[in-house]
Amino acid sequence: MEKPFYAQGLQFSCRGLSCSACCRKEPGIVYLEQKDLETLSVLTELTIEQFKKVYCRYVELSNGKKVLCLKELSNYDCIFWNEQAGCQVYKARPIQCRTYPFWKNVLSSKESWLAEKQRCPGINEGELHSCSQIQKDLSEYNSRKILTE
């Protein structure tokens, strides 16, 4: 089996407040699974049903399924983004957010990784993530069980 281009690891450090490209100013969908919902509802001190009513929406996919996602504001910022403080739920952020940029489409090739750098200045900067760490994040991201209506 051929080794992935990231066999020696990849550098990535989130730039947080100085960047926030992945959580603001562009339309996007943050899918939620049960674990995300439970963690976020505890952090916000709401029941799961209250949390869903305040912070979530269902989005219909092209296959007709409706999936549970975080709401976004009219300017496309994530509902949990705060201009002064950044992500208000950083410690409990959904798996999709925690595993970025170690997603299948971003890791499909070195070219895809470098193309993502155009969106994310933290790519190829800062902390070195080992191949095993990257594969763990990739596996966690790929095995998500997104909630449906």
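**View A. E149, in the segment after helix 6.** This close-up, like the others here, comes from a predicted model. E149 is out in the open: with a relative accessible area of 62%, over the 50% mark, the residue counts as exposed. Set aside the neighbours within four places in sequence, and E149 is in contact with Y58 and K66. The K66 partner is a long way off along the chain, 83 residues from E149, yet the two C-alpha atoms are separated by 5.5 Å.

**View B. The largest pocket and its lining.** There's about 990 Å³ of space in here. Lining the pocket are 43 residues, and C22, C23, Q96, C97 and Y100 are the ones nearest its centre. If you like to think in secondary structure, helix 3 (95-99), strand 6 (123-129) and helix 6 (131-142) each put at least two residues into the lining. As for chemistry, the lining splits into 23 nonpolar, 12 charged and 8 polar residues.

**View C. F5 and Y6, one of the aromatic pairs.** The model has 9 aromatic pairs by the ring-centre rule. In the F5 and Y6 pair, the ring centres are 5.4 Å apart and the planes meet at 85°, which is over 60 degrees, so this one goes down as edge-to-face. The two partners differ in how much they show: F5 is partly exposed, at a relative accessible area of 30%, whereas Y6 is buried, at 6%.

**View D. Y100 and W103, another edge-to-face pair.** Here the rings sit 5.0 Å centre to centre, with 70° between the planes. Both partners fall under the 20% cut-off and so count as buried: Y100 has a relative accessible area of 8%, and W103 has 16%. Y100 also turns up in View B, among the residues nearest the centre of the largest pocket.

**View E. One aromatic cluster, six names.** Zoom out from the Y100 and W103 pair and you find these two in one cluster with F12, F102, W113 and Y141. Y141 has something else going on: the charged end of R144 sits over its ring, 4.0 Å from the ring centre.

**View F. R93 over Y90.** Here is another arginine parked on a tyrosine. The charged end of R93 sits over the ring of Y90, at 3.7 Å from the centre of that ring.

Methods:
Residues are numbered from 1 along each chain as its sequence is written. This is a predicted model: local features need pLDDT of at least 70, side-chain atom pairs count only at pLDDT 80 or more; totals for chains, interfaces and linings use all residues. Side-chain values use heavy atoms; hydrogens and water are left out. On a 1 Å grid over the protein atoms alone, a cavity is a set of points where a 1.4 Å probe fits but cannot get out, and a pocket is an open set with protein on both sides within 12 Å along at least five of seven lines; lining residues have an atom within 4 Å of a point. Grid points are joined across faces, edges and corners, and a volume is the space filled by probe spheres set on the points. Helices (H or I, at least four residues) and strands (E, at least two) are DSSP runs, numbered from the N terminus. Ala, Val, Leu, Ile, Met, Phe, Trp, Tyr, Cys and Pro count as nonpolar, Asp, Glu, Lys and Arg as charged, and the others, Gly among them, as polar. Rings of Phe, Tyr and Trp (its six-membered ring) pair if their centres lie within 6.5 Å; planes under 30 degrees apart count as stacked, over 60 as edge-to-face and the rest as tilted. Buried means under 20% relative accessible area, exposed over 50%, partly exposed in between (1.4 Å probe, protein chains only). A charge sits over a ring if NZ of Lys or CZ of Arg is within 6 Å of the ring centre and within 35 degrees of the ring normal. Contact means heavy atoms within 4.5 Å.
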